Each structure stands twice: as C-alpha cells, then as structure tokens.
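Colleague: I am new to this structure and would like to learn how to read it. Could you walk me through a few features?

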Amino acid sequence: MLNRIIKPAVQTLNQIRYAPTVRGLAAYKGAPTPVTMDDLPVPCGSWETQYNTNQTKYNTQLAVGVIFAVITLIAAKATGLVYLNYSPPRTLPEE
C-alpha cells in the first residue's frame, strides 16, 4: 500500500531533479563555425633548436636517474640491506 504512494512521489521528484535544462543545439542561434585548417597554430622558429634543447633536457634527466639508481643500489649493497645472489650460496662448514 505504501509502495503505491511512495514510488510515484519519488519518480516525480527524480523527474524534476534531473530535468534537462537545455533543449540542445538545434535551438541555439549562435552556433560556432566549423573548425578548419586555417584555425591551427602556425609553427615558428627552428624545429631543430627546440629538438636539441628538449633532447639535452631529457638526456640530463636520464643520466641523473641512472646515477641515482646506481648510487642507491651500491648503498643498499654496502649496508647489507640486499643480497644480490651473484653466485650460489656457500655451504656452511660442518661442525
């Protein structure tokens, strides 16, 4: 019985809450013009100088990252945090 009262009330509230506020672009009078190739930005300057600048920056970042990783690995090995398993473990002397 209560379901017959509550369900229509909830549906009405949902219709009001989620009602579309815009009918669509068909009613819009100031529609934008279509985009063409003339609207794209025109490159300026030499691509080679920009490429070389970027490559210098990326190579520096790569070198710093590799050096940091190697230093971290050496420090971890020196402090005994990691065992790199270079060779099979030595057998313990029998007692």
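Modeller: Happily! Let's begin with patches: these are made of residues with over 30% relative accessible area and no salt bridge, with like charges joined within 9 Å and nonpolar side chains (Val, Leu, Ile, Met, Phe, Trp, Tyr) within 5 Å. A salt bridge is a side-chain nitrogen of Lys or Arg within 4 Å of a carboxyl oxygen of Asp or Glu. Accessible areas come from the Shrake-Rupley method with a 1.4 Å probe, and for residues only the protein chains shown count as cover. This is a predicted model, where local features need pLDDT of at least 70, side-chain atom pairs count only at pLDDT 80 or more, and totals for chains, interfaces and linings use all residues. Residues are numbered from 1 along each chain as its sequence is written, and side-chain values use heavy atoms, leaving out hydrogens and water.

Colleague: Which residues form a nonpolar patch on the surface?

Modeller: Leu62, Val66, Val70 and Ile74 do, sharing about 370 Å² of accessible area. An α-helix has 3.6 residues a turn, so residues three or four places apart point the same way. Val66 lies in helix α2.

Colleague: Is Val66 buried, exposed or partly exposed?

Modeller: Buried means under 20% relative accessible area, exposed over 50%, and partly exposed in between (1.4 Å probe, protein chains only). Val66 has 46%, so Val66 is partly exposed. Buried residues make up 1% of the 95 residues in the protein.

Colleague: What follows α2?

Modeller: Gly80, with a positive phi near 85°.

Definitions and conventions
Helices (H or I, at least four residues) and strands (E, at least two) are DSSP runs, numbered from the N terminus.
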